[in-house]
Amino acid sequence: MRTLIFRTVAPFLSSLMILFSVFVLLRGHNEPGGGFIGGLIAASAFAIYGIACGVSPVRRALYFHPMTLAGLGLLMSSAAGLLSIFAGVPFMTGLWVDVPLFGDTVALSTVLVFDIGVYFVVVGSITSMLLALEERSSD
């Protein structure tokens, strides 16, 4: 399964898949996509990289432990929901703020923070499971 061609192509394919997952994540609150689908694409990219190169390079590429990413994502998603309670509106209501950026204003929302949190939860949990399965199968 770990042929020379697969080991050579996998890092490039994984990089493209990560880039595409971020695209799907960022367009998700306005069009189809979002944190869940983007996270699945990113986890698939790490799985392909892990099958081609092994578990150790994937762990180095992630930098953080996958469950740390999942915990951070859960914290971000929860915080996005709780901000609405502190603003005096129902739980999980989207809040918007205009941020000046390069002389222009960019509208940021708690919806985006929630989607990024879901992305991290999915990437962390699925990647953790896939790495555990890969480690077990290589023994």
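In this predicted model, residue T110 touches A80, L83, T93, G94 and L95, when residues up to four places away in sequence are not counted. T110 is buried, because its relative accessible area is 10% and the limit for a buried residue is under 20%. T110 belongs to helix α5, which covers residues 110-138.

Helix α5 also leads to the interior of the model. The largest nonpolar core has 10 residues in all: L25, A42, F46, V55, V58, L62, L69, Y119, V123 and L131. Two or more of these residues come from each of the elements α2 (35-53), α3 (55-62) and α5. A42, one of the core residues, may serve as an example of the contacts involved. Leaving aside neighbours within four places in sequence, A42 is in contact with I18, S21, Y119 and V123. Of these partners, Y119 and V123 are themselves listed in the core.

S21 directs attention to helix α1, where S21 is buried together with A10, S14, M17, V24 and L25. A general property of helices is useful here. An α-helix has 3.6 residues a turn, so residues three or four places apart point the same way. Helix α1 runs over residues 4-27 and has 24 residues; at 1.5 Å a residue it should span 34 Å. The C-alpha atoms at its ends are 35 Å apart, which agrees with that expectation. Helix α1 nevertheless has a kink of about 35° at A10, shortly before the proline P11.

The strands offer another view of the fold. Strand β1 (residues 96-101) and strand β2 (residues 104-109) pair in the antiparallel sense over 6 bridges. Within this pairing, P100 stands opposite T105 in β2. The two strands form a hairpin with 2 residues between them, and F102 in the turn has a positive phi of about 55°. Strand β1 is hardly covered, for the count of buried residues among its 6 residues is 0.

Aromatic rings complete the picture. A pair of aromatic rings is described by the distance of the centres and the angle of the planes. The whole structure contains 3 aromatic pairs. Among them is the pair of Y63 and F64, with 5.1 Å from centre to centre and 85° between the planes. This pair is edge-to-face, because the angle lies over 60 degrees. Are Y63 and F64 buried or exposed? Y63 is exposed, with a relative accessible area of 68%, whereas F64 is partly exposed, with a relative accessible area of 46%.

Notes:
Residues are numbered from 1 along each chain as its sequence is written. This is a predicted model: local features need pLDDT of at least 70, side-chain atom pairs count only at pLDDT 80 or more; totals for chains, interfaces and linings use all residues. Side-chain values use heavy atoms; hydrogens and water are left out. Helices (H or I, at least four residues) and strands (E, at least two) are DSSP runs, numbered from the N terminus. Buried means under 20% relative accessible area, exposed over 50%, partly exposed in between (1.4 Å probe, protein chains only). Contact means heavy atoms within 4.5 Å. A nonpolar core is a set of buried Ala, Val, Leu, Ile, Met, Phe, Trp, Tyr and Cys residues joined through side-chain atoms within 4.5 Å. Two strands pair if DSSP finds at least two bridges between them. The expected span of a helix is 1.5 Å times one less than its number of residues. The bend at a residue is the angle between axes fitted to the seven residues ending there and the seven starting there. Rings of Phe, Tyr and Trp (its six-membered ring) pair if their centres lie within 6.5 Å; planes under 30 degrees apart count as stacked, over 60 as edge-to-face and the rest as tilted.
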